[in-house]
There are 2 protein chains.
Amino acid sequence: MSLLSRIRVVLVGTQHPGNIGSAARAMKTMGLSALVLVAPEAFPDPRADALAVGAVDLLQRARVCATLDEAVADCTRVAAATARPRHISAPVYTPREWVQRLAASEHAGQVALVFGRERTGLTNQEVDRAQELVAIPTGGEYTSLNLAAAVQILAYELLLASGASPLELPVHEPVDQVEMERFYTHLEAILVRTQFLDRTNPRLLMRRLRKLYGRAAPDANEMNILRGILTSVTDALERERKR
Amino acid sequence: MSLLSRIRVVLVGTQHPGNIGSAARAMKTMGLSALVLVAPEAFPDPRADALAVGAVDLLQRARVCATLDEAVADCTRVAAATARPRHISAPVYTPREWVQRLAASEHAGQVALVFGRERTGLTNQEVDRAQELVAIPTGGEYTSLNLAAAVQILAYELLLASGASPLELPVHEPVDQVEMERFYTHLEAILVRTQFLDRTNPRLLMRRLRKLYGRAAPDANEMNILRGILTSVTDALERERKR
């Protein structure tokens, strides 16, 4: 069973139904699908549907429980997202540490990831249900993440750790060094022709141009354009000569 | 200057003011503070303030511009968050790859991270202003992240990467976008002159050259060389004419 399919997002006592919808959308974009709501203040609710956008199916399949114990009863691992480290607490991990440990472990079975109320978080008793805590790093003095934003970050880290190859990214394939040398030879010849480069000069200019075009790392198509431009300069000079 | 303080989040044509507020909150929780809005549909707006919660100060200091060009004029690096890989495109990175490259690079100066409209994203012309694209991985068939959720993920990755900034590296300071636009105008004029570029042609060629030179990110010295080369072509053509 894949990592993502073993994750259950548990929202405890959510106050604003819009946040439930936004959390569902955050989950679905990252390939998570199991949502459990513990004593939500308003659910189902059209405001949840509106913010779920394309993830309304997650809301329709969401399980609603009266207590956290009920929500995690069949889970073999329970983690709670928390803003504050508690003085009596389970080990605290960053999201990245936590998902890496999870992905690397031999653990099977259902994993609950529990999020508390918008204002007041989880009670101490609820936190005690978790074997581990996940604290999202924050910067500066303002540390209050929106509930769905916290779900989004954890879901994103879970997706990355799940190894699911995410996007078919277009590949950039630079030409090889033989092609690059041909280009530099051509470029140098044109620069001598336009008198921008004096052959008696030190080689500083070509070194600088090598650094610049080396950084650009043209692909075959781009190299054709660059070589075409150089040839067009020669052609234009010939035309002027013949006028 | 720290990595986070050099990042400017640019929201283009945002339709729902609530998303501007949520994006500001996402930024502030991760230590980002510079927000620029390009032609927002409604701003300022009480719905933005309501969702910003403790980040209203970012909204108050937000700069509003008429165009993307104006928003990134003084930036030395422009990245666009995009859902779809384009068939002609700048290099595409995952958020993690992008922030790691950014943190490890010698690059200094302002970095713009551009987000498009909720429904329609960025136009091709706007995407062309970016030297690099950042695509957030998604799982499954539903790939439509909320705007503020996308900002949250990028801001989170930036915060994590900001811890490790190798300051002892020599600094590469690319010229800003105003200089780049001057170069493209000059280059296009020369290519018309050498007849490599037919003005009646589609703009495909210039778009490709923008990608190539955008990736190279020339510094002031390199830009002088490039502009000097272009001028030398004009001079050589004049000389041939007068022979």
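## The interface at a glance

Between them, chain B and chain A bury about 5500 Å², and carbon and sulfur atoms account for 63% of that area. Keep in mind as you explore that this is a predicted model. Each partner brings a matching number of residues to the contact: 63 residues from chain B and 63 residues from chain A.

What kinds of residues make up the side of chain B that touches chain A? Before that, here is the polar side of the story. Across the interface of chain B and chain A there are 24 residue pairs in polar contact, with both residues at pLDDT 80 or more. On the side of chain B that touches chain A, the residues split into 32 nonpolar, 16 polar and 15 charged.

## Which helices of chain B take part

Six helices of chain B each give two or more residues to the side that touches chain A: helix 1 (17-29), helix 5 (95-104), helix 7 (147-162), helix 8 (177-193), helix 9 (204-216) and helix 10 (220-242). Helix 10 of chain B gives the most, with 13 residues.

## Salt bridges between the chains

Let's turn to the charged pairs. Over all chains the count comes to 34 salt bridges, and nine salt bridges lie between chain B and chain A.

A good one to display is the pair Arg96(A) and Glu157(B), whose closest N and O atoms are 2.8 Å apart. Arg96(A) sits in helix 5 (residues 95-104) of chain A and Glu157(B) in helix 7 of chain B, so this salt bridge joins two chains. Are these two residues buried or exposed? Both Arg96(A) and Glu157(B) are buried. Another pair to look up is Glu240(A) with Arg193(B), where the side chains meet in a salt bridge with an N to O distance of 3.9 Å.

## Salt bridges within a chain, and a shared network

In chain B, the side chains of Lys28(B) and Asp57(B) form a salt bridge at 3.1 Å, N to O. This pair links distant parts of the chain, with Lys28(B) in helix 1 of chain B and Asp57(B) in helix 3 (residues 56-60) of chain B, 29 residues apart. Lys28(B) has a relative accessible area of 12%, so it counts as buried, while Asp57(B) is partly exposed, with a relative accessible area of 25%. There is also a network to trace: salt bridges that share partners join Lys28(A), Asp57(A), Arg61(A) and Glu141(B).

In chain A, Arg117(A) and Glu126(A) meet through their side chains in a salt bridge of 2.8 Å, N to O. Arg117(A) is partly exposed at a relative accessible area of 23%, whereas Glu126(A) is buried at 15%.

## Helix 7 of chain A, residue by residue

Gln152(A) is found in helix 7 (residues 147-161) of chain A. Why does Gln152(A) count as buried? Its relative accessible area is 2%, and the cut-off for a buried residue is under 20%. Leaving aside residues up to four places away in sequence, Gln152(A) touches residues of both chains: Ala26(A), Thr29(A) and Met30(A), together with Leu145(B), Ala149(B) and Ile153(B).

Leu147(A) also has its place in helix 7 of chain A. With 8% relative accessibility, Leu147(A) counts as buried. Not counting residues up to four places away in sequence, its contacts are Leu11(A), Thr14(A), Asn19(A), Phe115(A), Gly116(A) and Glu118(A). How far apart in space are Leu147(A) and Glu118(A), C-alpha to C-alpha? They are 6.3 Å apart, with their positions 29 residues apart in sequence.

## A loop residue in chain B

Thr94(B) lies in the loop between strand 5 (92-93) and helix 5 of chain B. Thr94(B) counts as buried, at 18% relative accessibility. Beyond residues up to four places away in sequence, Thr94(B) touches Val134(B), Ala135(B) and Pro137(B).

## The domains of chain A

Finally, a step back to the whole of chain A, which is divided into domain 1 (4-161) and domain 2 (177-242). The centres of these two domains, taken over C-alpha atoms, are separated by 57 Å.

Terms used. Residues numbered from 1 in each chain as written. Chains lettered and ligands numbered in written order. Predicted model: local features only at pLDDT ≥ 70, side-chain atom pairs only at ≥ 80, totals over all residues. Heavy atoms only, no water. Contact = heavy atoms within 4.5 Å. Buried area = accessible area lost by both parts, 1.4 Å probe. Salt bridge = Lys/Arg side-chain N within 4 Å of Asp/Glu carboxyl O. Polar contact = N/O pair within 3.5 Å; in protein donor to acceptor, adjacent residues only side chain to side chain. Helix = DSSP H or I, 4+ residues; strand = E, 2+ residues; numbered from the N terminus. Nonpolar A, V, L, I, M, F, W, Y, C, P; charged D, E, K, R; others polar. Domains from an automatic or database assignment. Buried < 20%, exposed > 50% of the residue type's maximum accessible area, 1.4 Å probe, protein only.
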